[in-house]
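Colleague: Could you walk me through one part of this model, slowly? I'd like a close look at a single helix and what surrounds it.

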Amino acid sequence: MTEQLTIMRQILDKIKQYGRIIITRHVRPDGDAIGSTRGFARIIKLTFPEKEVYLQTKDGSEYLSFFGPEEEPIAPELYKDSLLIVIDTATADRMSNDYYTYAKEIIKIDHHIDIKPYGNLCWIEDRRSSACEMIAYFYSVFADELKIDTLAATYIFCGMVTDSGRFRYEATTGETMRLAGLMLDQGVDTETLYSHLYLEDFDFLKFQAYVYKKMEVTEHGVVHLYVDNAMQRKFKLTSEQACEAISFLKGIKGCISQLAFIDMPDGTIRVRLRSRFMEINKLAEKYGGGGHQFTCGATLHKPEEIAPMLADADKMVAEYKANNKGWM
């Protein structure tokens, strides 16, 4: 922990050193990516109003559009003398920014397994439930030097609650809850936030019912679903809504691994992998992806790759069940 605190102090010192700070995140952002970057950007702006602080990304999230529009792009030459802070982005190729190499220095703040390091200064805690938890912790450590308000806390709490599965996933700890409470103490309106996050359109509920009809289970307990383009058109789904199918596959007894395959607009197939008890990130890495031990993702390039991946997943589950007790 002493080493982590040293790195955090170095990050704060770098922030103090630079007059221009650019913050970015990963492509296809989720609540954690958006919450951590917006929250950290606002903390820096509140604390250092004399600094130029920009949140620069090339895509956004319709699901989280209630937070407001993305910032307008700045001129690429402004990166030259800037500090770039990249949050919640495991690998540089997933960065939602085409100009990151122009920055003078890069800081990486992330809670994923560090399989492809990048940046001049890295703060990695892969056991944290979210990058937002890390930002909340950063604030708590330097609370005597930093400023926060209700909006910044709302951004951060949003990422904490979404990336932890409403504080149900295995990475949730006592500290997660204490830091979430620290954000709530800033006046977060949870009723409005939860309404934005969890109220569903009628068509989406019909999609959920359809998923329960179409999902399949392998011999040893991998529940899976392919949300192809036809299914997405049938239920008028955005790509983000289609990706939410993975959440419907959880909670089935004996099915300790869940895979959802989703057709994407660029012709690739996004794979969302989840598991309980058994670590599944090695399977994601085999197919060019990565993430956390129990929550990760990968990308396939044609439907014919789905069957081999499912076969590998089924083999992993069979071996795990044969050699471990206590799974459900």
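Modeller: Sure, let's take helix H4, and keep in mind that this is a predicted model. Start with the place where H4 meets H2: Gly 31, Asp 32, Gly 35, Arg 38, Gly 39, Arg 42 and Ile 43 on the H2 side touch Leu 151, Ala 152, Tyr 155, Ile 156, Gly 159, Thr 162 and Asp 163 on the H4 side. Sorted by class, that contact is made of 5 nonpolar, 5 polar and 4 charged residues.

Now look at how the two helices are arranged. H2 covers residues 31-47 and H4 covers residues 150-163; their axes come within 8 Å and cross at roughly 155 degrees. An angle over 145 degrees counts as roughly antiparallel, so H2 is roughly antiparallel to H4. The crossing itself is left-handed.

What about the length of H4? It has 14 residues, and at 1.5 Å a residue they should span 20 Å; the end C-alpha atoms are 20 Å apart, so the two agree.

Next, how hidden is H4? Of its 14 residues, 11 are buried, so H4 is largely enclosed by the rest of the structure. Among the buried ones are Ala 153, Phe 157, Cys 158, Met 160 and Val 161. The cover over the buried residues includes H2, along with helix H3 (131-141), helix H5 (174-184) and helix H6 (190-198).

Finally, zoom in on Thr 154, which sits in H4. Its relative accessible area is 13%, and buried means under 20%, so Thr 154 counts as buried. Leaving aside residues up to four places away in sequence, Thr 154 touches Phe 67, Val 188 and Leu 193.

Notes
Residues are numbered from 1 along each chain as its sequence is written. This is a predicted model: local features need pLDDT of at least 70, side-chain atom pairs count only at pLDDT 80 or more; totals for chains, interfaces and linings use all residues. Side-chain values use heavy atoms; hydrogens and water are left out. Axes are lines fitted to C-alpha atoms, for helices over the stretch in contact, and angles run from 0 to 180 degrees between N-to-C directions. Helices (H or I, at least four residues) and strands (E, at least two) are DSSP runs, numbered from the N terminus. Angles under 35 degrees count as roughly parallel, over 145 as roughly antiparallel, 65 to 115 as roughly perpendicular and the rest as oblique. A crossing is left-handed if the near helix is turned anticlockwise from the far one by less than a right angle, and right-handed if clockwise. Contact means heavy atoms within 4.5 Å. Ala, Val, Leu, Ile, Met, Phe, Trp, Tyr, Cys and Pro count as nonpolar, Asp, Glu, Lys and Arg as charged, and the others, Gly among them, as polar. The expected span of a helix is 1.5 Å times one less than its number of residues. Buried means under 20% relative accessible area, exposed over 50%, partly exposed in between (1.4 Å probe, protein chains only).
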